[in-house]
Amino acid sequence: MDQNLIRKAILGVMPIVRDSGLLISFATFKVPPDLTAGGFVRDNYVDVPGLIDIACMASPLGTGSGFSASETKAQEEQQANQEFHIVLDDFYPAVNDVWRSAGCVVVDGLTLDVTGVEHPSQNQYTRVRAQNVTI
Amino acid sequence: MTLTTKIRTAAFMQSSLRAFFGNDFDTFRMFDRQLKQGSLAVGTCCIITTVSEVTTYLHPGPNPLKMVRTQFDILDVDPDVAADAAAAIEAWLNTGDANFLENGMFTSPAVQAAGPSNFKLNQRGGLWPTTNRPVPMETLDYRIMSVAI
């Protein structure tokens, strides 16, 4: 079997996705730049250059049960949790650094906490796990 | 009237506390046991939890004066604001306005305690870790002298 055919096929996947019109959302990644005088992480997140308005698709995270949004009731709070699986239109290795720097992503105006970043070894795209939790 | 109701009602009378927790009594963000969902997005919040209630004994029977260990968890996305709100609660509890041991605290004029009757046991910083980013919290641990009304 000609292994080059597989490689070429892989290279053709994301152009088809990009042309499909599925990537209708835009993601901007942000990191907290500094600390308060007392040393707590300040909430004035700033955009990461090169990771602004990236075409993407944000889907509810697949759980097998078909519904990933959830609520957890505890004594002192009721937590509403919504998780997303975000596919970016290309390979962005810097997104990994955002995840590991307490960063967040804003998708169509909704601020989400980045809780995971993956890209397969073909480096054709990046996928992000993100969540929005409110109490 | 429960002690939490007395605390919340009396706290709302203080402009220094309304500045942190809101100017509408119905939505005043001082909660009994559980944070009301969505309130943290509005502003500083306080959760009041009774940790324990100690009752002593007098010769005729149980002493109506209770020593209630009460925990105040004060949350704000800004740790400095949480600390300022905790300081405001502490300042108020250290006055005769925070009178929970004499009848008449809700009369007009209100009956003040002769002096501070609430005792701060401890204060510690903490985090509320479950939200998108952790929320700073100040926890006040008080012994509040209370008589049921």
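## Exercises on a predicted two-chain model

Chain A holds two helices and eight strands (DSSP runs, numbered from the N terminus, with at least four residues of H or I for a helix and at least two of E for a strand). This is a predicted model, in which local features need pLDDT of at least 70 and side-chain atom pairs count only at pLDDT 80 or more, while totals for chains, interfaces and linings use all residues. Residues are numbered from 1 along each chain as its sequence is written, chains are lettered from A in the order in which they are written, and side-chain values use heavy atoms, leaving out hydrogens and water.

**Exercise 1.** Work out the order of helices and strands along chain A, then look at helix H1.

*Solution.* Step one: reading along the sequence gives α-β-β-β-β-β-α-β-β-β. Step two: helix H1 of chain A covers residues 3-20, and its 18 residues reach 26 Å from first to last C-alpha. That is close to the expected 26 Å, which is 1.5 Å times one less than the number of residues. Step three: just after this helix, A:Gly21 has a positive phi of about 85°.

**Exercise 2.** Describe the contact between chain A and chain B.

*Solution.* Start with the residues: 21 come from chain A and 20 from chain B, with contact meaning heavy atoms within 4.5 Å. Next, the area: the two chains bury about 1700 Å² between them, 46% of it on carbon and sulfur atoms. Buried area here is the accessible area (1.4 Å probe) lost on putting two parts together, summed over both. A:Phe40, A:Glu76 and A:Ile135 supply 44% of what chain A buries against chain B, more than any other three residues.

Now the pairs: 15 residue pairs are in polar contact across the interface, both at pLDDT 80 or more (N or O atoms within 3.5 Å, one able to donate a hydrogen and the other to accept it; residues adjacent in sequence count only through side-chain atoms on both sides). Finally, strands E5 (78-88), E7 (110-118) and E8 (126-134) of chain A are the elements giving two or more residues to its side of the interface.
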